[in-house]
Amino acid sequence: MRKSDRIQKILDVVLTEGNATVDYLADILRVSKVTIRRDLQILCSNSDYPIKKVRGGVMYAIEKLGFEPMFEIKLRNMTDAKKKIAEIAFHLISDGDTVFLDSGTTIYYLAKMLAGKKGLKVLTVDVKVAEELAKHSNVKTIIACGEVRPGYYSICGTETIRFLQSFRADKAFISTDAWNLNGIFNSSTFEVEVKRTLIQLAEKRYLLADHTKFGKNAFVKISDIDVFHAIITDSPPSENVLQSLENLGIKVLFPNEEDQTANQSDEMHHSVG
């Protein structure tokens with residue numbers, strides 16, 4: 001791979017995932033860590049790139065050149081897929097439910113749809129999601145306290161974990177950077193403990209992830225895959241993966257089954273409850 005192509009790939013990874021370690025970049029680009037460090041030096045020293053060095057790698061730098069926050073960039077990526085996933089998730093929510101909403105742009109699109117439900121109580125760990133929920137008079141919105149991740153608007157910290165421990169939910173909708181049959185993964189450590197806590201405190205748990213997230217690993221493992229009652233995606237994985245998930249009692253919901261979602265929701269309560 002040419003140097004220019006390598007640098008572009010590094011830039012794409014950081015803009016998509018928010019950060020990347022030297023080890024991770026060396027692995028996916030199949031070059032030495034020394035080569036990666038040289039490439040990162042070029043990227044970080046160039047004011048045209050919104051990237052800065054951190055220990056062990058690099059991260060997206062909002063403050064550089066006034067680049068727009070990462071949330072807005074992700075909001076425009078895979079938009080149709082995210083909206084389809086959000087619509088399926090919407091049909092899994094019943095009037096009167098208590099719901100946990102994780103952070104992220106797919107979750108944001110779900111929050112925009114909740115005006116169509118009645119009597120919801122929704123706790124979220126995302127400033128943008130809370131802002132959207134607050135527009136709906138039918139939703140009681142609770143936002144967690146804690147530190148806000150710049151540019152992503154997710155909330156985390158020891159205060160957040162303590163706050164969440166006081167709550168329970170009927171359903172939790174969780175986002176992820178990557179997943180496979182071994183579990184779900186995040187590219188940043190910032191949100192990991194919050195996601196684990198939301199999973200722990202909900203009766204039913206749903207993973208929202210577009211097809212580009214499958215078959216990948218990211219920096220930190222959040223949980224095993226079998227903690228989820230269903231995975232909601234825009235395009236299903238292969239038949240053998242679907243069979244493996246079925247053996248674990250996990251449904252996979254995707255758009256061409258959308259008309260059946262309500263029925264599947266009822267079935268899930270019995271088959272994987």
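Visitor: Which residues of helix 3 are buried, and what does buried mean here?

Guide: In helix 3 they are Thr35, Ile36, Asp39, Leu40, Leu43 and Cys44. Buried means under 20% relative accessible area, exposed means over 50%, and partly exposed is in between (1.4 Å probe, protein chains only). A helix is a DSSP run of H or I with at least four residues, a strand is a run of E with at least two, and both are numbered from the N terminus. This is a predicted model, where local features need pLDDT of at least 70 and side-chain atom pairs count only at pLDDT 80 or more, while totals for chains, interfaces and linings use all residues. Residues are numbered from 1 along each chain as its sequence is written, and side-chain values use heavy atoms, leaving out hydrogens and water.

Visitor: How do you know that the buried residues line one face of helix 3?

Guide: Look down its axis: the buried residues fall within an arc of 160°, so they line one face. The arc is that of the directions from the helix axis to the C-beta atoms. On the other side of helix 3, Arg38 and Ser45 are exposed.

Visitor: What span is expected for helix 3, and what does it reach?

Guide: The expected span is 1.5 Å times one less than the number of residues. For the 13 residues of helix 3 (33-45) that gives 18 Å, and the helix reaches 18 Å from its first C-alpha to its last, so the two are close.

Visitor: Why is helix 9 called largely enclosed?

Guide: Seven of its 10 residues are buried, so the rest of the structure largely encloses helix 9. Among them are Val192, Leu198 and Leu201. Helix 9 also gives five residues to the largest nonpolar core, the largest share of that core.

Visitor: What makes a set of residues a nonpolar core?

Guide: Its members are buried Ala, Val, Leu, Ile, Met, Phe, Trp, Tyr and Cys residues joined through side-chain atoms within 4.5 Å. The largest such core has 31 residues, and those with the most contacts inside it include Phe100, Trp179 and Leu245. Strand 9 (169-175) and helix 10 (239-247) are among the elements that give it two or more residues. A second, separate core of 29 residues includes Tyr109 and Val122.

Visitor: Why is the pair of Phe173 and Tyr206 called stacked?

Guide: Rings of Phe, Tyr and Trp (its six-membered ring) pair if their centres lie within 6.5 Å; planes under 30 degrees apart count as stacked, over 60 as edge-to-face and the rest as tilted. Phe173 and Tyr206 are 5.2 Å apart centre to centre with 20° between the planes, so they are a stacked pair. Phe173 lies in strand 9 and Tyr206 in strand 12, so the pair ties together parts 33 residues apart in sequence. Phe173 has a relative accessible area of 0%, so it is buried, and Tyr206 at 1% counts as buried too.

Visitor: What makes the pair of Trp179 and Phe214 tilted?

Guide: Their centres are 4.6 Å apart, but the angle between the planes is 55°, so the pair is tilted. Trp179, at 2%, is buried, whereas Phe214, at 27%, counts as partly exposed.

Visitor: How do you know that the charged end of Arg149 sits over the ring of Tyr152?

Guide: The rule asks for NZ of Lys or CZ of Arg within 6 Å of the ring centre and within 35 degrees of the ring normal. The charged end of Arg149 is 3.7 Å from the centre of the Tyr152 ring. Likewise, Lys117 lies over the face of Phe90, at 4.3 Å from the ring centre.
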